[in-house]
Amino acid sequence: MSCVFSNEAFDGHEQVAFRHDRETGLNAIIAVHDRTLGPAAGGCRMHHYASEAEALRDALRLSQGMTRKSALAGLPFGGGKSVIIGDPRRHKTKRLLESMGDFVESLGGRYLTGEDSGIGVDDVRVMATRTAHVGGVQAGAEHGGDPSPTTAYGVYLAMRAAVCHRFGSDAMDGLRVAIQGLGQVGLHLAGLLVADGAQVYGTDVRANLTMRAVSKFGITPVVDPAEILATQAEVFAPCALGAVLDRNSIAGLKAAIVAGAANNQLASPADGERLHQRGILYCPDFLINAGGIIDIHHQRLGTGRNRMHAHVQRIPSTLLKVIRRSETARRSPAQVADEMADEILRCARRERTSVDTPQPQTA
Ligand code: NAD
């Protein structure tokens, strides 16, 4: 389905822009979902999509998730996302990235871009030669501005809180964690967990990345990526792409907790309920992977590492609030997190309307 306004993932997007550049071969989409809280912020993904319809759906779903992510993380950003259709290893060129920078610039600051799967900090630097509307490349910032280590840190803190809630102790020693995807975030997450004594299993469809994690951190490789979901582990950490949790995969899941960085892990809202029914504690993706966007926010403000880390350290308490409300209300954590984010947005819209509405004059 390639329609826009009647797309099942449309959800009232403010703007969806398309760009084809004949010279560089760029085919890209920018989705601006909601700017109630600020400019629409969200990274740029480059992926070898099976179809244009799949790319559009991904952009729409990811930007909607960004709206909720920034709302729950207390950030002055709205939700947006961009996708470049193409294989990052074959089609990514400097000129294509410059052209993407021009595309971002053409939206005049309504959309702020950054890293995502297939697009690293060096790629965003190239875009930054054509637009000021980028994050995650600030000079002097840690890791050259790459937010991925902070995303991993937020996921790690949330995972520990979930482990403590489920097992009564946050000791990670000997805890088995199965990581799907050992790219920018998955690798850092593996490092944090190994340092804490966890037994980490990991896989990546790119075998060299699996072997990198083995040699760097001594993780146990799962050679066939298809086997990671059914690996015997207390925690499953999806750090690859979306829609990995569906009717079939949930039925075979061995873990008691799902806590990972990937966006849009649930193939459909019903899958949040399926996990809940199976007694698997699902840590909502957009809540626990907010470390990266928090990092970008603090890079832009120049507030420094301590305040940025203090902000990321609020992720576990928000998660626990969601889990407790989910238990009291007997609704899935996925549903509760959506509701909490939507409530923040509703309040902000109400406030904006009341400020915009002229008050009656008293004589
Ligand atoms: P990345 O592209 O560096 O890593 C993803 C890895 O997953 C790749 O190495 C890829 O080969 C692998 N992969 C893809 N399909 C797989 C499969 N079926 N099985 C095993 N491995 C598979 O991307 P990243 O920046 O590490 O981001 C990972 C996820 O986290 C993405 O969904 C991204 O949107 C999300 N996320 C990233 C950040 C960030 O700061 N980078 C922030 C928030 C959310």
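How many residues surround the ligand, and which are the closest? The shell holds 25 residues, and the closest are Ser-117, Thr-151, Asp-204, Ala-240 and Asn-263; a residue is near a molecule if one of its heavy atoms lies within 4 Å of it.

This is a predicted model, in which local features need pLDDT of at least 70 and side-chain atom pairs count only at pLDDT 80 or more, while totals for chains, interfaces and linings use all residues. Residues are numbered from 1 along each chain as its sequence is written, and side-chain values use heavy atoms, with hydrogens and water left out.

**Domains**

The domain assignment, which is automatic or taken from a database, gives domain 1 (15–137) and domain 2 (148–339). Their C-alpha centres lie 23 Å apart. To the contact between them (heavy atoms within 4.5 Å), domain 1 contributes 29 residues and domain 2 contributes 22 residues. Both domains give residues to the shell around the ligand, so the ligand lies between them.

**Ligand surroundings**

Three polar contacts of the ligand are listed below; a polar contact is a pair of N or O atoms within 3.5 Å, and within protein one atom must be able to donate a hydrogen and the other to accept it, while residues adjacent in sequence count only if both atoms are side-chain atoms.

| Ligand atom | Protein partner | Distance |
|---|---|---|
| oxygen | Gln-184, side-chain N or O atom | 2.9 Å |
| oxygen | Val-185, backbone N or O atom | 2.8 Å |
| nitrogen | Val-205, polar backbone atom | 3.3 Å |

On its own the ligand has 820 Å² of accessible area, of which the protein covers 87%; such areas come from the Shrake-Rupley method with a 1.4 Å probe, and for residues only the protein chains shown count as cover. Helix H5 (148–167) and helix H6 (184–195) are the elements that give two or more residues to the shell. Helices here are DSSP runs (H or I) of at least four residues, numbered from the N terminus. By residue class, the shell divides into nine nonpolar, 11 polar and five charged residues. Asp, Glu, Lys and Arg count as charged, Ala, Val, Leu, Ile, Met, Phe, Trp, Tyr, Cys and Pro as nonpolar, and the others, Gly among them, as polar.

**Ser-326**

Helix H13 (residues 315–329) includes Ser-326. This serine is buried, with a relative accessible area of 3%, where buried means under 20% (1.4 Å probe, protein chains only). Leaving out residues up to four places away in sequence, Ser-326 touches His-276, Arg-331, Ser-332, Pro-333 and Val-336. A polar atom of the Ser-326 side chain lies 2.8 Å from the backbone oxygen of Arg-331.

Terms used. Buried means under 20% relative accessible area, exposed over 50%, partly exposed in between (1.4 Å probe, protein chains only).
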